[in-house]
Amino acid sequence: MILQTGMRTDIPAFYSEWFMNRMKEGFVYVRNPYNPVQVTKYRIDPNVVDLIGFCTKNPAPMLPLLERGSSDEQAAMLLDASYWFVTITPYGKEIEPHVPDKEKVMDDFIRLSKLVGADAVAWRYDPIFISETYTLERHVEDFAHMAEKLAGYTHSCVISFLDLYEKTKRNFPEGRRVTREERLFLGKEIIRIGKKYDMTIRPCAEGKELSVYGADCSGCVTQSIYEKAIGGRLVIPKSVKSQRAECACVFGRDIGQYNSCGHLCKYCYANADRELVLRNIRMHDPTSPFLIGKQQADDVIHQAEQRKWRDEQLSIFDL
């Protein structure tokens, strides 16, 4: 199976010690976000986990673990079977108050790529919004600069345009939808730049309108992407694949928790409000099997059904 860590929070940036402890102990407890007393226990074990997916704005805290190499059991698992999205945007501290300097994040992206391989790390340039400061022209210029620096260290860049979720509207009232004309202009320019640096541009949940310019609109976490990252074939149940006809993404089980990301980006859909996030961060214990807090008396814990999806049988193409 596939475990995800980054759809609800940024574990590498803020909870790397906790994650390393979970790997060492071999399991994690995850609360149901809609019914918190319902808790799922997931094994973190290469016998049942084919790949661990990360989505982060700051991979630096995890790099020392990976740099231990194959002699370390936890490092070896991640080096062999992980896929990384690293989000790098042009926004400043007024939008992303606790994201590290962009040049530093790009340097760490390159370090990460050298460890796990260019096929196991992708750049996310999202969400894209337009304002008086972050104009269409600035996006083109900044994207080109970043693409040039990251060239050769990834072959994939995921883009999406700002979605106005209720949380986003509340925390980012000045944000507005990107018009179709803006999407087409900017998408076309980003695709052109991507081709120059051997990067496939993959719009995330944006339909197929950019496919005519050369974007891959089939999905950003597809089975083929994962298979290329781990160097093997997967037999994935239909239940974990996207049900949208235009998208071939594969969704694993997320071990994160909403309202716990310390970046506090104004456009974030995973944080409800700043005070709740700070309260949750104070409840974090790196030794607990829960990301936030500890086990409660009324918790109902059940073991997830987990099994390998990797196809170990050789075909004629493997010989």
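**Group meeting: cysteines, core and pocket**

Okay, so a search through the whole structure turns up zero disulfides. Keep in mind that this is a predicted model. Take Cys 265: the nearest cysteine sulfur belongs to Cys 261 and sits 6.3 Å away, so with a cut-off of 2.5 Å Cys 265 is in no disulfide. Is Cys 265 buried or exposed? Buried, with a relative accessible area of 8%. Cys 249 counts as buried too, because its relative accessibility is 4% and the limit for buried is under 20%.

Right, on to the core. The largest nonpolar core has 92 residues, and the members that touch the most others in there are Phe 19 and Trp 123. What does Phe 19 touch, if we skip residues up to four places away in sequence? You get Thr 5, Ile 11, Ile 52, Phe 54, Met 62, Leu 78 and Ile 255.

Now the pocket, which I guess is what you'll want to look at. The largest one holds about 1200 Å³ of space. It's lined by 45 residues, and closest to the centre are Gly 6, Met 7, Arg 124, Asp 126 and Tyr 269. Which elements give two or more residues to that lining? On the strand side, β4 (51-56), β5 (82-87), β6 (121-128) and β7 (156-161), plus the helix α7 (166-171). β4 gives the most, with four residues.

And by class, the lining of this pocket comes out as 26 nonpolar, 10 polar and nine charged residues.

That's what I have, happy to take questions.

Terms used. Residues numbered from 1 in each chain as written. Predicted model: local features only at pLDDT ≥ 70, side-chain atom pairs only at ≥ 80, totals over all residues. Heavy atoms only, no water. Buried < 20%, exposed > 50% of the residue type's maximum accessible area, 1.4 Å probe, protein only. Core = buried A, V, L, I, M, F, W, Y, C linked by side-chain atoms within 4.5 Å. Contact = heavy atoms within 4.5 Å. 1 Å grid on protein atoms, 1.4 Å probe; cavity = no way out; pocket = protein on both sides within 12 Å on 5 of 7 lines; lining within 4 Å. Points joined across faces, edges and corners; volume = space filled by probe spheres on them. Nonpolar A, V, L, I, M, F, W, Y, C, P; charged D, E, K, R; others polar.
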